[in-house]
Amino acid sequence: MRKDVRILLVGEPKVGKTSLIMSLVSEEFPDEVPLRAEEITIPADVTPERVPTHIVDYSEAEQSEEQLYQEISKANVICIVYSVNNKKSIEKVTSHWIPLINDRTDKDSRVPLILVGNKSDLVEHSSMETILPIMNQYQDIETCVECSAKNLKNISELFYYAQKAVLHPTGPLYCPEEKELKASCIKALTRIFKVSDLDNDGILNDNELNFFQRTCFNTPLAPQALEDVKNVVRRNMSDGVKDNGLTLKGFLFLHTLFIQRGRHETTWTVLRRFGYDDDLELTQEYLFPIIKIPPDCTTELNHNAYLFLQSVFDKHDKDRDCALSPDEVKDLFKVFPYMPWGPDVNNTVCTNDQGWITYQGYLSQWTLTTYLDVQRSLEYLGYLGYSIIYEQESQAAAITVTRNKRIDLQKKQTQRSVFRCNVLGARGSGKSGFLQAFLGKNLQRQKRIREDHKSFYAISTTYVYGQEKYLLLHEVMPDFDFLSEADLACDVVCLVYDVNNPRSFEYCAKVYKQYFIDSKTPCVVIAGKSDLHEVRQHYSLSPHEFCRKHKLHPPQPFTCNTTDAPSKDLYTRLTTMAMYPHARLRCMCTCNRCSYCLCQNLLKLELLRSIKAQLRRVVFNRHMAQADLKNSTFWLRASVGATVFAVLGFAMYRALLKQR
């Protein structure tokens, strides 16, 4: 909506332009009328539309044609004033003023016109019979108002209609010649209908109509009012109401009726509530609300956003198979001006056996978009109507900005749910296979992927200590000399080499030494294609020796050449390392450095072994002596022994950690 309105009054001399302005301001007819009134600004709190209004007078006696042209170019609406008792002034409307204004304005952005018949107090008849043919001839004319500056008749209404012509124009909505809504208006209202159709059954039931009414006008409709609306539609079209709900055709008919009856503001209120501007395009402020993201912070969807996206999924999963077929995906994105997901999405997230995006894959793709490009995610949520359905100020309410990663490291805990793993390796080392295996695709399924449908990302969920987390894998192109900050910025690094290629590991070693040897980012070496024969690598150190030297865990064998879906254990370990880099969870075997090994060593200590042996002897002796094992003294001793065991175990564990 415009922030202010500029009204220009033009017309032949002596028709009463200046008198109209002065009568509006002083609320009485002036005794003396100057040749021209100075520009007047009416404050927003005085006007019906709550918008500052500037009223500009034109006087042929005091102003040049050049000044007139300048005022025409600045005006938002032009009132052509004529005298109802002067036929010559009426003729000048079509012979002079309308052609002059059209010559000075762009064809695609014509200024709305208001015809103003002044001095109605001097005649007993109306000029409307003469004016109506003119209004039908020129579609830029919004309306005609007959008034009298002398007795103040319709003065306020005149300027209200002028305001209305700017703030609620007919032009973008309705074609008077065809007597129907314009295509752009139909497109916008169709999106509004689909967003409001919460169950996607093609009709707006009473609950949905009330939600729509409350959203747009801050008040619900009474039951009788709802029935009256539906009865109006029933009387005018056969397919406007179905199953006692309003169909899309009925919804569009109602707005056509509003406009035909001069209630443009009703349709404009709906359009603006759903984010549209005067050109029926979604505004930048609606699609891209401001959100501040400090350095070293990431963006994630919050709980309400996931609930909303779940409702959108359920709304379009018509066959209830927990997956979206191509037709269901197409239906979901009908409220978008373009298709946001390409064929690569099916190789970025989990799909079912038919290749359809599963519920988990659907949420994963939204998580990926929010992490990589939060502005795009805000735009998509805007098309779906998140801020409207959830009654939020903007889509920014759906986003959580995580705290700085350095704070996570200092506090040795994180609240993040999405972790990024960059996958590096020489060409042909198996990086793409590693990504696709995360999505449950073995080698046979991967061979069916078209080259132009491949993705450099893969995202799915893993469970770390019972918590669901998203792991985002990013395949980095093997260009050793030009690794960007984005290629290096991640939570964990995978260095993949081909065990069957003698020159494959050299790339991993060089990348590690160049970029990650002094980094705090955890690194894992993956021995890809481990089902093939392992050959000696042409590097000064073998992969195992290299890992031992740099205190990395030994290379992890991996293959996607399996009958069933590849195991996810390795990906869970990667997520754990990304979550707890401070714990140095780099060793996932018997290396005496990882937490698992420390705990195993703790359990093997001689002190703990003697305590356990002593407890077993006590239990055994009691059993052999057929003592009453229910004796409270026995259970007290057993409880004390177990407590001592737990305390000593925890103390030893802490001591070992400190030694590290």
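This briefing describes an open sheet, the helices packed on it, and one buried asparagine. The model is predicted: local features need pLDDT of at least 70, side-chain atom pairs count only at pLDDT 80 or more, and totals for chains, interfaces and linings use all residues. Residues are numbered from 1 along each chain as its sequence is written, and side-chain values use heavy atoms, with hydrogens and water left out.

**The sheet**
- Six strands form an open sheet with mixed pairing, in the order β2-β3-β1-β4-β5-β6; strands are DSSP runs (E, at least two residues) and helices likewise (H or I, at least four), numbered from the N terminus.
- Because β2 (40-42) and β6 (141-146) each have a single partner strand, they stand at the edges, and one side of each lacks a neighbour in the sheet; pairing requires at least two DSSP bridges between two strands.
- β5 (residues 113-118) pairs with β6 in the parallel sense over five bridges, and leucine 115 stands opposite cysteine 144 in β6.

**Helices on the sheet**
- Helix α3 (residues 87-103) packs on the sheet and touches β1 (5-11), β4 (77-83), β5 and β6, contact meaning heavy atoms within 4.5 Å.
- The direction of α3 makes about 160° with that of β4; axes are lines fitted to C-alpha atoms, for helices over the stretch in contact, and angles run from 0 to 180 degrees between N-to-C directions.
- Helix α4 (residues 128-137) also packs on the sheet, touching β4, β5 and β6, and its direction makes about 170° with that of β6.

**Asparagine 442**
- Asparagine 442 is found in the loop between α18 (431-438) and α19 (443-446).
- Its relative accessibility is 9%, so asparagine 442 counts as buried (under 20% relative accessible area, 1.4 Å probe, protein chains only).
- Not counting residues up to four places away in sequence, asparagine 442 touches Cys560, Thr562, Thr563, Asp564 and Pro566.

Technical notes. Buried means under 20% relative accessible area, exposed over 50%, partly exposed in between (1.4 Å probe, protein chains only).
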